[in-house]
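Reader: Hello! Could you take me through one part of this model closely, namely the charged side chains, and then follow the thread into whatever surrounds them? I would enjoy a connected account with the numbers left in.

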Amino acid sequence: MIDLLAICAFNAAYGNAIDSDALEDWPNFFTPNCHYRVTHIENEREGLPTGLIYADSRAMLEDRITSLRLANIYERQRYRHLLGVPDVESADDTSAVARTAFMVARIMATGETLLFATGVYHDRFVTLGGRLLLAKRVVVCDSTVTDTLLALPL
Amino acid sequence: MQEQQIHWGSSALTRVPYDVYTSPEVMAQEQVQIYRGNVWNYLCLDAELPQRGSYRTTFVGNIPVVVVRDSDDEIYAFENRCAHRGALIALEKSGKVDSFQCVYHAWTYSRQGDLTGVAFEMGVKGQGGMGPGFCKADHGPRKLRVTTFCGLVFGSFGEEVPDIEEYLGEEICDRIQRVLHKPVEVIGRFTQALPNNWKLYFENVKDSYHASLLHMFFTTFELNRLSQKGGLIVDESGGNHVSYSITDSATVDASYKEQGLRTDNDRIRLKDPSLLAGFTEFNDGITLQILSVFPGFVLQQIQNCIAVRQVLPAGLDRTTLNWTYLGYSDDTAEQRNVRIKQSNLVGPAGFISMEDGAVGSFVQRGIAGAHDLEAIVEMGGEGTSSSEGRATEAAVRGFWKAYRRHMGM
Ligand code: FES
Ligand SMILES: [Fe+2]
């Protein structure tokens with residue numbers, strides 16, 4: 001049985017991987033043929049499928065990190081994820097569906113900290129090889145506006 | 001008109017005084033001379049007003065505007081400002097109405113923007129009411145002229161703006177038609193708040209010189225094409241442009257195959273190349289076309305990723321960039337999926353567009369205190385004419401040609 005504590009621990013490790021710049025670890029939180037999408041509440045309500053980020057494989061997530069490291073130009077920045085208590089909709093031995101609220105602050109190279117995004121993760125977890133993984137994470141931001149750019153994943 | 005605040009060092013278009021991005025007087029003048037002047041402002045898509053009564057709210061410069069389809073199927077646009085005390089008439093981004101009613105004192109407006117009702121106009125029990133001389137027809141929000149072209153809805157406050165075809169010019173018309181040749185559907189909307197003056201973003205769109213230098217995604221992953229032909233078109237007014245490139249499909253096929261056969265790992269490749277696995281839908285071989293219309297519209301075709309962008313000033317160093325991603329109504333599920341995947345290339349998190357959000361900020365911060373200094377816009381000469389090469393700032397100079405004409409500078 002996947003329980004609340006397991007999901008909490010998973011989310012803590014997920015946020016920590018991004019916030020501590022261990023971005024290469026981030027794709028490993030997903031199954032090989034996962035769905036990951038960053039969108040906002042209005043697109044979600046209207047059923048518009050496009051994402052700010054849209055991936056249907058772990059390899060696409062790995063490509064994004066490679067691109068961020070090697071190709072893309074953006075100012076050095078860090079995030080701080082604050083994750084709420086997951087609202088577990090259903091769970092059994094091999095899968096779980098949950099929603100978790102998030103707040104993400106962005107710390108810029110200039111030293112300022114700003115509230116960058118809030119929203120809810122819509123998640124489907126599975127166990128694979130004894131590990132808990134995300135088969136699906138749809139990041140639904142509350143704001144429809146993104147400040148400057150979205151470089152690091154949410 | 002306001003007194004001339006900006007000193008243009010020369011009548012040529014190769015130097016831009018930095019004050020033009022930082023002066024509040026210039027910003028105020030732009031609102032009058034450009035946004036309320038003789039330009040066509042992009043408002044929305046025809047497809048976003050599907051039914052009679054469908055409306056959307058948007059902006060022309062900093063002026064809030066309502067765009068609405070009435071029962072004659074025509075589209076009308078008027079200032080989103082109540083004739084009474086100036087409150088917003090429509091509060092939502094979109095919706096469907098029979099008529100509009102201001103929430104403050106319940107004055108009502110038709111879908112054509114006419115004031116039709118004043119609450120308690122005759123007073124209550126013989127008390128109060130409007131004066132005898134008050135005539136509803138004399139009052140109402142300012143109306144815009146509205147025109148559509150290939151499903152794009154434009155509006156103008158100007159009395160002397162030419163017809164849209166003339167405003168765009170023949171070549172730009174053709175290039176819009178090339179992309180918007182059949183009905184479209186919105187597949188996503190995103191807004192990017194840019195920390196820079198609107199002109200820096202609009203210039204960036206017209207700056208074909210920076211593309212292969214700043215945006216390293218294609219070169220890093222060795223996806224750039226050896227045989228790229230292309231060109232730059234600047235219209236007569238200077239304000240509208242197209243930049244495009246053509247991929248020779250024979251070369252692409254060979255290089256893709258070659259990549260598939262290689263086993264060495266010293267080259268960086270996408271682990272999931274399905275990101276770029278597109279399909280041919282334009283039979284002219286053009287895989288990238290960026291088109292802009294003065295003062296704030298962009299139409300983009302990057303492979304199969306189609307989008308329109310609306311550039312709006314939100315302050316001296318604030319720009320609102322609205323992205324609307326499109327598919328065609330007759331897309332197959334596979335085609336739609338390709339467009340959705342390729343949208344990773346653009347928008348606030350786009351592999352080849354996130355940098356444009358970064359550099360606007362770098363310029364805006366870099367020019368702080370640079371009064372009396374000016375930028376150099378001399379790549380590719382001094383003119384604004386079309387060319388086959390894209391290492392040129394001709395379209396940027398074209399922007400300044402149009403800008404200075406509208407601003408009387
Ligand atoms: S402000 Fe609109 S009715 Fe008074
Ligand atoms: Fe760019």
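Author: Happy to. Let's start with D114(B), which has 35% relative accessibility and therefore counts as partly exposed, since that class runs between the 20% limit for buried and the 50% limit for exposed. Please keep in mind throughout that this is a predicted model.

The partner of D114(B) is K143(B): their side chains form a salt bridge, with 2.4 Å from N to O. This pair links distant parts of the chain, as K143(B) belongs to strand β10 of chain B while D114(B) sits in the loop between β8 and β9 of chain B, 29 residues away. K143(B) is partly exposed too, because its relative accessible area is 43%. Elsewhere, E185(B), E281(B), D331(B), R336(B) and R339(B) are joined into one network by salt bridges that share partners.

Two members of that network lead us to helix α8 (residues 333-342) of chain B, where R336(B) and R339(B) are buried, along with V338(B), I340(B), K341(B) and Q342(B). What covers them? For the buried residues of α8(B), the cover includes elements of both chains: β2 (53-55) and α3 (58-70) of chain A, and β12 (184-194), β16, β17 (305-315) and β18 (318-328) of chain B.

V338(B) gives a closer view of this helix. Its relative accessibility is 16%, so V338(B) counts as buried. Setting aside sequence neighbours within four places, V338(B) touches A277(B), G278(B), F279(B) and N304(B). For a sense of scale, S99(B) lies 239 residues from V338(B) in sequence and 40 Å from it in space, C-alpha to C-alpha.

Now back to the charges. R142(B) forms a salt bridge with E79(B), and their closest N and O atoms are 2.8 Å apart. R142(B) lies in the loop between β9 (115-117) and β10 (143-149) of chain B, and E79(B) in strand β5 (residues 75-79) of chain B, so this bridge ties together parts that are 63 residues apart in sequence. The two ends of the bridge differ in exposure: R142(B) is partly exposed because its relative accessibility is 34%, whereas E79(B) is buried, at a relative accessible area of 5%. R142(B) also has an aromatic partner, its charged end sitting over the ring of F157(B), 5.7 Å from the ring centre. A similar arrangement brings the charged end of R178(B) over the ring of F282(B), 4.6 Å from its centre.

How many salt bridges are there over all chains? The count comes to 29. One in chain A is the pair R69(A) and D21(A), whose side chains meet at 3.0 Å, N to O. R69(A) is in helix α3 of chain A and D21(A) in the loop between α1 (4-19) and β1 (30-40) of chain A, so parts 48 residues apart in sequence are tied together. Here R69(A) is partly exposed at 36% relative accessibility, and D21(A) is partly exposed at 46%.

Charged residues turn up under cover in another helix as well. Helix α4 (residues 198-206) of chain B has 9 of its 9 residues buried, so the rest of the structure largely encloses it. Among them are K199(B), E203(B) and K206(B), together with the aromatic residues W198(B), Y201(B) and F202(B).

That brings us to the rings. Over all chains there are 31 aromatic pairs. In one of them, Y42(B) and F297(B) have ring centres 4.8 Å apart and planes at 40°, so the pair is tilted. Y42(B) is in strand β2 (residues 41-45) of chain B and F297(B) in strand β16 (residues 297-302) of chain B, so the pair ties together parts 255 residues apart in sequence. Both Y42(B) and F297(B) are buried. In chain A, ring pairs link F10(A), Y14(A), W26(A), F29(A), F30(A), Y36(A), F102(A), Y121(A) and F125(A) into a cluster.

For contrast, finish at a surface without charges: L88(B), L91(B), V103(B) and Y104(B) make up a nonpolar patch, with about 450 Å² of accessible area together. V103(B) is found in the loop between β7 (100-101) and β8 (108-109) of chain B. With 65% relative accessibility, V103(B) counts as exposed.

Terms used:
Residues are numbered from 1 along each chain as its sequence is written. Chains are lettered from A and ligands numbered from 1 in the order in which they are written. This is a predicted model: local features need pLDDT of at least 70, side-chain atom pairs count only at pLDDT 80 or more; totals for chains, interfaces and linings use all residues. Side-chain values use heavy atoms; hydrogens and water are left out. Rings of Phe, Tyr and Trp (its six-membered ring) pair if their centres lie within 6.5 Å; planes under 30 degrees apart count as stacked, over 60 as edge-to-face and the rest as tilted. Helices (H or I, at least four residues) and strands (E, at least two) are DSSP runs, numbered from the N terminus. Buried means under 20% relative accessible area, exposed over 50%, partly exposed in between (1.4 Å probe, protein chains only). A charge sits over a ring if NZ of Lys or CZ of Arg is within 6 Å of the ring centre and within 35 degrees of the ring normal. Patches are made of residues with over 30% relative accessible area and no salt bridge: like charges are joined within 9 Å, nonpolar side chains (Val, Leu, Ile, Met, Phe, Trp, Tyr) within 5 Å. Accessible areas come from the Shrake-Rupley method with a 1.4 Å probe; for residues, only the protein chains shown count as cover. A salt bridge is a side-chain nitrogen of Lys or Arg within 4 Å of a carboxyl oxygen of Asp or Glu. Contact means heavy atoms within 4.5 Å.
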